[in-house]
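Subject: Handing over a structure, with notes

Dear colleague,

I am passing on the structure below, which you have not worked with before. Please have the structure open while you read the notes that come after it.

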Amino acid sequence: MAAKTVNRVKSADIELKDKLVSVNRVTKVTKGGRTFSFSAIVVVGDENGIVGHGLGKAKEVTEAITKGIDDAKKNLIRVPILRGTVPHSQKGKFGGAEVLLKPASEGTGVIAGGAMRAVLESVGIHNVLAKSQGSSNPHNVVKATIVALAQMRDAVAVAKQRGITLNQVFNG
């Protein structure tokens with residue numbers, strides 16, 4: 001997807017906050033018994049238009065979370081935010097998960113489920129109507145939300161892409 005590569009960001013000097021979306025205990029059955037390990041999906045963001053997600057797997061929960069944070073810092077994207085909400089309605093799909101994001105007026109808050117809420121709060125969106133349709137698997141919901149956010153364009157980007165002035169975007 002072309003929009004995703006354009007919005008990439010380096011995590012060098014950005015103050016990022018992390019949110020744990022889910023921890024999953026995984027069991028591997030071997031000849032010697034059961035071996036337990038943990039996988040953690042983490043979302044990081046600066047609450048000002050930058051967000052990323054990561055997956056960490058390890059024998060200990062804390063180690064898995066740390067690995068997830070490191071992975072998330074490698075997958076950062078920039079998202080346009082317009083007055084605390086998304087610029088326009090957008091659908092995102094990843095695997096069996098589908099998400100719908102709609103702009104909302106001031107004071108609405110983040111109307112979204114668990115995995116989507118973590119992503120939207122990390123990116124810095126304060127007012128949005130969101131619906132998760134399809135699979136509720138947190139991994140796919142987070143990735144579908146990131147896909148939807150990566151496809152967001154503000155009016156300046158639309159004008160530049162079409163080769164017209166900002167005024168012509170709104171007046172047709």
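The notes below take up the sheet, then the salt bridges, and then a few single residues.

Please keep in mind throughout that this is a predicted model.

The sheet

A good place to begin is the open sheet, in which four strands follow one another in the order β5-β6-β8-β7 with mixed pairing. Its edge strands are β5, covering residues 90-94, and β7, and each of these pairs on one side only. Within the sheet, strand β6 (residues 97-103) runs antiparallel to strand β8 (residues 128-134), and the two are paired over seven bridges. If you would like a residue pair by which to find this pairing in the model, V99 has S132 in β8 as its bridge partner.

On the other side of the description stands strand β7 (residues 110-111), which runs parallel to β8 and is joined to β8 by two bridges. Here the pair to look for is I111 and L129, the latter being the bridge partner in β8. Strand β7 and strand β8 also belong, together with helix α3 (residues 114-123), to a β-α-β unit, and this unit is left-handed.

The salt bridges

The structure contains four salt bridges, and I describe some of them here. As a general point, side chains that carry opposite charges can pair when their charged atoms come close.

One of the salt bridges is formed by K17 and E47, whose closest N and O atoms are 3.4 Å apart. This pair links distant parts of the chain, since K17 is in strand β1 and E47 is in the loop between β2 (33-45) and β3, with the two positions 30 residues apart in sequence. Both partners are partly exposed, K17 with a relative accessibility of 45% and E47 with a relative accessible area of 35%.

Another salt bridge joins K19 to E121, with 3.2 Å between the closest N and O atoms. Because K19 lies in strand β1 while E121 lies in helix α3, this pair ties together parts of the chain that are 102 residues apart in sequence. K19 is partly exposed at 25% relative accessible area, and E121 also counts as partly exposed, at 28% relative accessibility.

E121 has a further partner in R117, for the side chains of these two residues meet in a salt bridge at 3.4 Å, N to O. R117 and E121 both lie in helix α3 and are four residues apart, which is about one turn of the helix. R117 is partly exposed as well, with a relative accessible area of 32%. Taken together, K19, R117 and E121 are linked in a network of salt bridges.

A surface patch

On the surface there is a nonpolar patch formed by L20, V23 and V61, which together have about 200 Å² of accessible area. Of these residues, V23 is found in strand β1, which covers residues 17-30, and V23 counts as partly exposed because its relative accessibility is 37%.

Two buried residues

Which residues does H53 contact, leaving aside its neighbours within four places in sequence? This histidine lies in strand β3 (residues 50-58) and is buried, with a relative accessible area of 11%. The contacts of H53, with those neighbours left aside, are V42, V43, D71, A72, N75, V142, K143 and I146.

The other residue to look at is N140, whose place is in helix α4 (residues 138-150). N140 is buried, because its relative accessible area is 18% and a residue counts as buried under 20%. Not counting residues up to four places away in sequence, N140 touches F94, G95, G96 and A97. Among these contacts, F94 falls within the stretch 90-94 given above for edge strand β5, and A97 falls within residues 97-103 of strand β6.

With kind regards

Note on methods. Residues numbered from 1 in each chain as written. Predicted model: local features only at pLDDT ≥ 70, side-chain atom pairs only at ≥ 80, totals over all residues. Heavy atoms only, no water. Pairing = 2+ DSSP bridges. Right-handed = clockwise from strand over helix to strand, strands pointing away. Patch = residues over 30% accessible without salt bridge, like charges linked within 9 Å, V, L, I, M, F, W, Y side chains within 5 Å. Areas by Shrake-Rupley, 256 points an atom, 1.4 Å probe, with all protein chains shown as cover. Buried < 20%, exposed > 50% of the residue type's maximum accessible area, 1.4 Å probe, protein only. Contact = heavy atoms within 4.5 Å.
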